[in-house]
Amino acid sequence: MISKQQIEERYTVVFGYAPTHVVRSPGRINIIGEHTDYNEGFVLPTAIDKAIYVGIGKRDDDIIRLYAEDFKEYFELSLADVHPVDKGWPNYILGVVDQLLSRGMSLGGFDMYIDGDVPLGAGLSSSAALECAVGFALNVLFDLEIERVDIAKIGQLAEHTYAGVKCGIMDQFASVMSKADHVVKLDCRDLSFSYKPLELDDYAILLLNTNVKHSLASSAYNDRRASCEEGVRLVQHQFPEVRSLRDVTLEMLETHVKPVDTEVYTKCRFVVEENERLNQACDALEQGDLETVGRQMFSAHEGLSKEYEVSCPELDFLVDYVKSFPEVIGARMMGGGFGGCTINLVKKSFQDLLVERLAPIYKKQFNLELTAIKVVPSNGTELL
């Protein structure tokens with residue numbers, strides 16, 4: 001955790017005066033609901049206690065000055081000259097500025113200091129956290145009166161246009177809208193949402209990072225999307241009102257897709273069943289029944305691995321290994337797949353012991369370090 005005071009002190013060293021505001025915007029996890037977002041389904045994310053922090057202050061000209069602690073780098077340009085740049089990290093900030101300008105909002109020059117403790121490359125959405133921190137900070141600094149949901153949408157569009165990543169809305173939405181001890185049930189069709197209680201009691205959420213990213217990820221993602229779209233197209237011959245897999249039943253798939261293309265059928269069935277698993281997990285959360293949530297997570301991993309085929313040996317190994325411990329009531333791969341983390345529901349008192357046992361076995365099997373990340377469900381973007 002980085003304190004407001006630390007950000008203020010470092011900002012003052014870099015820019016020579018104290019920041020007007022310090023904003024914290026968190027990374028996120030997703031309890032269940034994978035590959036449902038681009039099929040207009042449901043997701044179940046929450047923010048975590050790892051975040052991006054920005055300090056910000058107004059200038060009396062139109063210059064934007066940025067400093068990224070991670071890279072120990074400055075970046076500077078004028079408000080009139082905002083454009084995507086070759087250097088990677090400033091684009092996440094400039095993309096947000098561009099979105100605000102394109103909406104006709106009145107901005108001036110500013111200084112911004114950026115730091116954070118979201119582990120990079122673990123699939124915890126540090127980029128979305130940064131975009132939302134920037135949007136929130138500029139909103140406060142220039143009194144723009146932007147709604148929270150719009151800050152999320154602006155972050156998503158910034159990533160599309162300046163970072164060149166066609167991400168869904170979940171990451172930004174979770175970063176801005178989460179509240180502690182709850183998950184957000186987000187409908188990716190219309191962005192309606194509700195909060196479900198996440199009462200962990202004796203349990204904790206432990207992420208196990210495979211520290212691997214297989215190159216299959218982007219091509220497989222496109223293939224899966226194409227399969228889902230093909231399934232919808234086949235169903236639409238009989239049911240023209242169907243818009244996405246959100247509207248499709250298992251019976252429709254059995255009748256209209258399976259006889260034509262078993263591969264497409266299997267991929268589509270996973271998505272339809274994943275939405276159902278998520279709804280059952282939400283019902284269980286409202287009953288305070290974590291065991292059922294855990295069972296749905298194990299079931300989701302089975303589907304992601306065997307049916308949707310977006311897992312990898314490292315992820316499968318970690319999920320299979322923890323199944324043998326009664327102290328672990330649920331686990332699955334989290335994110336797009338082919339690497340990244342597993343998310344585990346583990347007895348608090350057993351977390352360290354589990355990692356102690358698992359790390360050397362994982363190292364022996366794959367010659368890779370296993371990184372454990374303890375996370376706590378937390379509030380969304382806020383002014384410190």
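User: Which strands does helix 11 lie across, and at about what angle does helix 11 run to strand 9?

Analyst: This is a predicted model. In this model, helix 11, residues 351-366, lies across strand 9, strand 10, strand 11 and strand 12. Its direction makes about 20° with strand 9.

User: In what order do the four strands of that open sheet stand, and how are they paired?

Analyst: The order is 10-11-9-12, and the pairing is antiparallel. Strand 10 (328-333) and strand 12 (371-375) form the edges, each pairing on one side only. Neighbouring strands are turned by 20° against each other on average, with direction ignored. Helix 9 also packs on this sheet, where it touches strand 9, strand 10 and strand 11 (339-347). The direction of helix 9 makes about 30° with that of strand 10.

User: Over how many bridges do strand 9 and strand 12 pair?

Analyst: Strand 9, residues 203-213, pairs with strand 12 over five bridges in the antiparallel sense. Within strand 12, Ile373 stands opposite Leu207.

User: How should the packing of helix 8 and helix 9 be read: what are the angle and the distance between their axes?

Analyst: Helix 8 (residues 262-286) and helix 9 (residues 290-307) have axes 9 Å apart and pack at an angle of about 170°. Because angles over 145 degrees count as roughly antiparallel, helix 8 is roughly antiparallel to helix 9. On the helix 8 side, the contact includes Phe270, Arg277 and Ala281; on the helix 9 side, it includes Val293, Gln296 and Leu304. By class, the residues of this contact comprise eight nonpolar, six polar and six charged.

User: Where is empty space left in the structure, and how many cavities of 30 Å³ or more are there?

Analyst: Empty space is revealed by rolling a probe the size of a water molecule over the atoms. Here, the structure holds one cavity of 30 Å³ or more. The largest cavity has about 30 Å³ of space. Its lining consists of Pro197, Glu199, Ala284, Leu285, Gly288, Asp289 and Leu290. Four of these lining residues are nonpolar, one is polar and two are charged. Ala284 and Leu285 of helix 8, and Leu290 of helix 9, also belong to the contact of these two helices.

User: What is the volume of the second largest pocket, and which residues are closest to its centre?

Analyst: The second largest pocket has about 330 Å³ of space. It is lined by 17 residues, of which Ile52, Asp70, Phe71, Leu120 and Leu130 are the closest to its centre. Helix 2 (90-102), strand 6 (110-116) and helix 3 (126-141) each give two or more residues to this lining. The lining divides into ten nonpolar, four polar and three charged residues.

Key. Residues are numbered from 1 along each chain as its sequence is written. This is a predicted model: local features need pLDDT of at least 70, side-chain atom pairs count only at pLDDT 80 or more; totals for chains, interfaces and linings use all residues. Side-chain values use heavy atoms; hydrogens and water are left out. On a 1 Å grid over the protein atoms alone, a cavity is a set of points where a 1.4 Å probe fits but cannot get out, and a pocket is an open set with protein on both sides within 12 Å along at least five of seven lines; lining residues have an atom within 4 Å of a point. Grid points are joined across faces, edges and corners, and a volume is the space filled by probe spheres set on the points. Ala, Val, Leu, Ile, Met, Phe, Trp, Tyr, Cys and Pro count as nonpolar, Asp, Glu, Lys and Arg as charged, and the others, Gly among them, as polar. Axes are lines fitted to C-alpha atoms, for helices over the stretch in contact, and angles run from 0 to 180 degrees between N-to-C directions. Angles under 35 degrees count as roughly parallel, over 145 as roughly antiparallel, 65 to 115 as roughly perpendicular and the rest as oblique. Contact means heavy atoms within 4.5 Å. Two strands pair if DSSP finds at least two bridges between them.
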